[in-house]
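Colleague: Before we begin, may I ask you to place the structure before us?

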Amino acid sequence: MGREVRRVPLDFDWPQNKVWEGFLTPDRLHEDRCPDCTRGYTAAAEWLQVFASRMDMLGSDIADQRRGRPLHPWLAQDSYPPNDAQYQVVRPSEDILDLLAGLTGESKDRSLHPLRGGDGYRIARKIVEAAGLDSKTWGVCPTCNGHGSIEKYEGQRAEAEAWEPSGPPEGEGWQLWETVSEGSPISPVFGSADGLAEWMSDPARGDRWVPGDVARKFIDEGWAPTGVMSFSQGLQSGVEAIGWNDKA
Ligand SMILES: [Zn+2]
């Protein structure tokens with residue numbers, strides 16, 4: 001969990017564990033959902049992407065066959081798959097790799113890599129282009145122009161793009177914040193760095209307890225990264241790692 005120290009007014013009373021309002025896009029800037037699509041594509045384009053991703057899976061199946069793994073259920077349970085004489089589903093042959101390499105512009109080996117990302121979008125785009133259509137306009141929802149949402153009023157999108165988050169007010173107090181969400185306070189406000197260090201090293205905090213000198217060093221540095229790896233200590237919380245790193 002990423003944490004940082006913020007200097008806020010002593011009477012700052014924003015609730016703990018609640019994201020500071022200045023960090024969140026205000027409701028008035030949220031657009032309406034498009035009534036005609038979910039992601040900015042027409043239904044035809046959504047279907048094309050389904051078929052293109054199934055084609056992509058045929059390439060992955062070559063690797064699965066070589067590793068002795070079964071056919072992916074989405075392919076195995078197709079309603080009208082190619083069958084052999086015994087009416088068993090036949091798995092794709094290796095020439096599918098040539099077809100996919102031609103469609104994606106990648107090497108034949110790419111389909112065999114277990115950690116590659118899917119190529120469905122590239123395959124779909126190539127098919128659209130083969131049809132003589134512009135892949136930048138065909139399949140784009142005309143209602144929302146591909147945004148997936150529509151402005152509540154003219155200029156709302158530009159306003160949302162210009163919007164910038166603003167931090168809490170500054171002051172004399174010391175407070176611990178988490179930075180994993182957009183950012184929320186996770187301690188009371190203290191009048192001194194020592195007060196916050198004492199709170200952080202209170203054994204009553206259970207597994208979030210940190211030694212007093214570590215807490216003080218963390219406050220002095222102001223910020224600790226989420227989970228830092230230390231070879232001697234294993235994975236420790238960022239707050240503790242700063243104490244061990246002993247950066248001068
Ligand atoms: Zn739309």
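The questions and answers that follow concern the chain as a whole, its metal site, one helix, its cores and two loop residues.

Colleague: What kind of model is this?
Modeller: Residues are numbered from 1 along each chain as its sequence is written, and side-chain values use heavy atoms, with hydrogens and water left out. Local features need pLDDT of at least 70, side-chain atom pairs count only at pLDDT 80 or more, and totals for chains, interfaces and linings use all residues, since this is a predicted model.

Colleague: How many helices and strands are in the chain?
Modeller: Helices (H or I, at least four residues) and strands (E, at least two) are DSSP runs, numbered from the N terminus. On that basis the chain holds eight helices and eight strands.

Colleague: What percentage of the residues is buried?
Modeller: A residue is buried under 20% relative accessible area, exposed over 50%, and partly exposed in between (1.4 Å probe, protein chains only). Of the 248 residues in the chain, the buried share is 35%.

Colleague: Which residues coordinate the zinc ion?
Modeller: Donors are N, O and S atoms within 2.8 Å of the metal (3.2 Å for Na, K and Ca); water is not among the atoms, so sites may look incomplete. Along the chain, the donors follow the spacing C-x2-C-x103-C-x2-C. Through their SG atoms, at 2.3 Å, the coordinating residues are Cys 34, Cys 37, Cys 141 and Cys 144.

Colleague: What is the geometry of the zinc site?
Modeller: Four donors count as tetrahedral if all angles lie between 85 and 135 degrees. For four tetrahedral donors the ideal angle is 109.5 degrees. The angles among the four donor atoms of the zinc ion are 103 to 114 degrees, and the site is tetrahedral.

Colleague: Are Cys 34 and Cys 141 buried or exposed?
Modeller: Cys 34 lies in the loop between β2 (32–33) and α1 (43–66), whereas Cys 141 lies in the loop between α4 (120–130) and β3 (149–150), 107 residues apart. Cys 34 and Cys 141 are both buried.

Colleague: Where is the kink in α1 centred?
Modeller: The expected span of a helix is 1.5 Å times one less than its number of residues. For the 24 residues of α1 this gives 34 Å, which agrees with the 36 Å between its end C-alpha atoms. The bend at a residue is the angle between axes fitted to the seven residues ending there and the seven starting there. In α1 there is a kink of about 25 degrees, and its centre is Ser 60.

Colleague: Against which helices do the buried residues of α1 pack?
Modeller: Among the buried residues of α1 are Ala 45, Leu 48, Ala 52 and Ile 62. These buried residues of α1 pack against α2 (73–76), α3 (96–104) and α4.

Colleague: Which element gives the largest share of the largest nonpolar core?
Modeller: A nonpolar core is a set of buried Ala, Val, Leu, Ile, Met, Phe, Trp, Tyr and Cys residues joined through side-chain atoms within 4.5 Å. The largest one has 13 residues, and Trp 174 and Ile 219 are among those that touch the most other members. Two or more residues each come from β4 (173–178), α6 (193–200) and α7 (212–221). The largest share, four residues, comes from α6.

Colleague: Is Asn 17 buried or exposed?
Modeller: Asn 17 is in the loop between β1 (3–8) and β2. Although not a glycine, Asn 17 has a positive phi of about 65 degrees. Because its relative accessibility is 60%, Asn 17 counts as exposed.

How values were computed: Tetrahedral: all angles 85-135°; square planar, octahedral: opposite > 155°, others 65-115°. Contact = heavy atoms within 4.5 Å.
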